[in-house]
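Reader: I am new to this structure, and I would be glad of a close look at a single part of it. Please take one place as the starting point and follow the connections outward from there.

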Amino acid sequence: LGALIDSKTRVFMTAEAAAETRPWFLSMFTLYSDTPFAPTSLEALQDPSSCDLNRGAVDDPLFLVNHFLGPVPAEDKADEANVAAVLDDRVRRCADARGRVANVVAVDFVDHGDLVDVVEGLNGG
(Lines give C-alpha, C1' and ligand atoms only; values in the text may rest on other atoms or scores of the structure.)
Protein backbone atom coordinates (compact mmCIF):
# COMPACT_ATOMS: atom_id res chain seq x y z
CA LEU A 1 0.00 0.00 0.00
CA GLY A 2 2.85 2.36 0.81
CA ALA A 3 4.38 1.82 -2.64
CA LEU A 4 1.03 2.63 -4.27
CA ILE A 5 0.77 5.82 -2.25
CA ASP A 6 4.37 6.79 -3.01
CA SER A 7 3.76 6.32 -6.74
CA LYS A 8 0.53 8.36 -6.51
CA THR A 9 -1.51 5.38 -7.70
CA ARG A 10 -5.19 5.71 -6.96
CA VAL A 11 -6.60 3.13 -4.58
CA PHE A 12 -10.24 2.30 -3.98
CA MET A 13 -10.72 0.60 -0.63
CA THR A 14 -13.82 -0.97 0.84
CA ALA A 15 -14.44 -3.35 3.70
CA GLU A 16 -17.29 -5.75 4.37
CA ALA A 17 -17.41 -4.77 8.02
CA ALA A 18 -15.93 -1.29 8.22
CA ALA A 19 -15.22 -0.23 11.78
CA GLU A 20 -12.93 2.51 10.52
CA THR A 21 -14.28 6.03 10.33
CA ARG A 22 -11.90 7.59 7.81
CA PRO A 23 -13.66 9.02 4.73
CA TRP A 24 -11.53 6.98 2.32
CA PHE A 25 -12.33 3.66 4.02
CA LEU A 26 -15.72 2.82 2.58
CA SER A 27 -18.31 0.34 3.77
CA MET A 28 -18.57 -2.14 0.91
CA PHE A 29 -22.29 -2.76 0.93
CA THR A 30 -23.24 0.88 0.61
CA LEU A 31 -21.70 0.65 -2.89
CA TYR A 32 -21.96 -3.01 -3.89
CA SER A 33 -24.68 -5.55 -4.26
CA ASP A 34 -23.67 -9.17 -4.51
CA THR A 35 -24.91 -12.66 -5.23
CA PRO A 36 -25.42 -15.43 -2.68
CA PHE A 37 -22.29 -17.33 -1.75
CA ALA A 38 -21.41 -20.88 -0.84
CA PRO A 39 -23.55 -22.93 -3.24
CA THR A 40 -22.44 -26.50 -2.71
CA SER A 41 -22.62 -27.87 -6.28
CA LEU A 42 -22.16 -26.86 -9.90
CA GLU A 43 -25.90 -27.38 -10.34
CA ALA A 44 -26.57 -24.81 -7.61
CA LEU A 45 -24.32 -22.31 -9.43
CA GLN A 46 -26.45 -22.84 -12.55
CA ASP A 47 -29.72 -22.24 -10.71
CA PRO A 48 -31.18 -18.80 -11.56
CA SER A 49 -31.53 -18.05 -7.84
CA SER A 50 -27.72 -18.06 -7.59
CA CYS A 51 -27.87 -14.59 -9.17
CA ASP A 52 -30.36 -13.17 -6.64
CA LEU A 53 -29.56 -10.22 -4.39
CA ASN A 54 -27.62 -11.24 -1.30
CA ARG A 55 -26.22 -8.07 0.32
CA GLY A 56 -26.42 -4.42 -0.58
CA ALA A 57 -29.25 -2.80 -2.48
CA VAL A 58 -30.46 -3.74 -5.94
CA ASP A 59 -29.58 -0.28 -7.27
CA ASP A 60 -26.07 -0.02 -5.77
CA PRO A 61 -23.62 1.12 -8.46
CA LEU A 62 -21.23 -1.86 -8.23
CA PHE A 63 -21.96 -5.55 -8.66
CA LEU A 64 -19.99 -8.45 -7.14
CA VAL A 65 -20.53 -12.02 -8.35
CA ASN A 66 -19.57 -14.56 -5.68
CA HIS A 67 -18.53 -17.69 -7.57
CA PHE A 68 -17.26 -20.50 -5.42
CA LEU A 69 -18.42 -23.78 -3.98
CA GLY A 70 -18.55 -23.74 -0.20
CA PRO A 71 -18.90 -23.36 2.59
CA VAL A 72 -15.24 -24.33 3.07
CA PRO A 73 -12.71 -23.41 0.34
CA ALA A 74 -11.30 -26.48 -1.39
CA GLU A 75 -8.92 -26.61 -4.33
CA ASP A 76 -10.72 -29.51 -6.02
CA LYS A 77 -13.99 -27.55 -5.94
CA ALA A 78 -12.22 -24.51 -7.39
CA ASP A 79 -10.90 -26.70 -10.21
CA GLU A 80 -14.53 -27.50 -11.10
CA ALA A 81 -16.06 -24.06 -10.58
CA ASN A 82 -13.35 -21.89 -12.12
CA VAL A 83 -13.24 -23.45 -15.58
CA ALA A 84 -14.13 -20.99 -18.32
CA ALA A 85 -17.32 -22.74 -19.42
CA VAL A 86 -18.82 -22.62 -15.92
CA LEU A 87 -17.44 -19.28 -14.74
CA ASP A 88 -18.07 -17.27 -17.91
CA ASP A 89 -21.60 -18.62 -18.27
CA ARG A 90 -22.51 -17.79 -14.68
CA VAL A 91 -21.05 -14.29 -14.64
CA ARG A 92 -22.82 -13.43 -17.90
CA ARG A 93 -26.13 -14.93 -16.69
CA CYS A 94 -25.96 -13.00 -13.43
CA ALA A 95 -25.06 -9.79 -15.23
CA ASP A 96 -28.05 -10.26 -17.54
CA ALA A 97 -30.36 -11.21 -14.67
CA ARG A 98 -29.34 -8.17 -12.64
CA GLY A 99 -29.12 -5.80 -15.61
CA ARG A 100 -25.58 -4.69 -14.84
CA VAL A 101 -21.94 -5.44 -15.51
CA ALA A 102 -20.10 -7.60 -12.99
CA ASN A 103 -17.47 -5.25 -11.56
CA VAL A 104 -15.92 -7.90 -9.30
CA VAL A 105 -15.80 -11.68 -9.65
CA ALA A 106 -14.87 -13.45 -6.41
CA VAL A 107 -13.52 -17.00 -6.59
CA ASP A 108 -11.67 -19.33 -4.27
CA PHE A 109 -8.14 -20.18 -5.41
CA VAL A 110 -7.60 -17.58 -8.12
CA ASP A 111 -4.69 -19.64 -9.47
CA HIS A 112 -7.02 -22.57 -10.29
CA GLY A 113 -9.03 -22.41 -13.50
CA ASP A 114 -9.60 -19.66 -16.01
CA LEU A 115 -10.50 -16.55 -13.98
CA VAL A 116 -8.04 -14.20 -15.69
CA ASP A 117 -9.06 -15.31 -19.19
CA VAL A 118 -12.77 -15.03 -18.33
CA VAL A 119 -12.39 -11.54 -16.87
CA GLU A 120 -10.31 -10.41 -19.84
CA GLY A 121 -13.10 -11.66 -22.11
CA LEU A 122 -15.74 -9.86 -20.07
CA ASN A 123 -13.68 -6.69 -20.38
CA GLY A 124 -13.55 -7.04 -24.17
CA GLY A 125 -10.01 -8.41 -24.31
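Author: A good place to begin is Asn66, which stands opposite Ala106 in E5. The model is predicted, with local features needing pLDDT of at least 70 and side-chain atom pairs pLDDT 80 or more, while totals for chains, interfaces and linings use all residues. Residues are numbered from 1 along each chain as its sequence is written, and side-chain values use heavy atoms, without hydrogens and water.

Strands E4 and E5 run parallel and are joined by three bridges, where pairing requires at least two DSSP bridges. They belong to an open sheet of three strands in the order E3-E4-E5, with parallel pairing (strands are DSSP E runs of at least two residues, helices H or I runs of at least four, numbered from the N terminus). The edges are taken by strand E3 (32-34) and strand E5 (104-106), each of which has a single partner strand, so one side of each is left without a neighbour in the sheet.

From the edge strand E3 the picture can be followed through charged side chains. Asp34 forms a salt bridge with Arg55, their closest N and O atoms being 2.6 Å apart (a Lys or Arg side-chain nitrogen within 4 Å of an Asp or Glu carboxyl oxygen). Because Asp34 lies in strand E3 and Arg55 in the loop between H2 and E4, this pair ties together parts that are 21 residues apart in sequence. Asp34 counts as buried, at 0% relative accessibility, whereas Arg55 counts as partly exposed, at 23% (buried is under 20%, exposed over 50%, partly exposed in between, with a 1.4 Å probe and protein chains only).

Arg55 also forms a salt bridge with Glu16, and here the closest N and O atoms are 2.7 Å apart. This second pair links distant parts of the chain, since Arg55 is in the loop between H2 and E4 while Glu16 is in the loop between strand E1 (13-15) and strand E2 (25-27), 39 residues apart. Glu16 counts as exposed, at 55% relative accessibility.

The structure holds four salt bridges, and one of them, between Arg93 and Asp89, has its closest N and O atoms 2.9 Å apart. Arg93 and Asp89 are four residues apart in helix H4, and so they are separated by about one helical turn. Both count as partly exposed, Arg93 at 24% relative accessibility and Asp89 at 35%. Back at the starting region, salt bridges that share partners join Glu16, Asp34 and Arg55 into one network.
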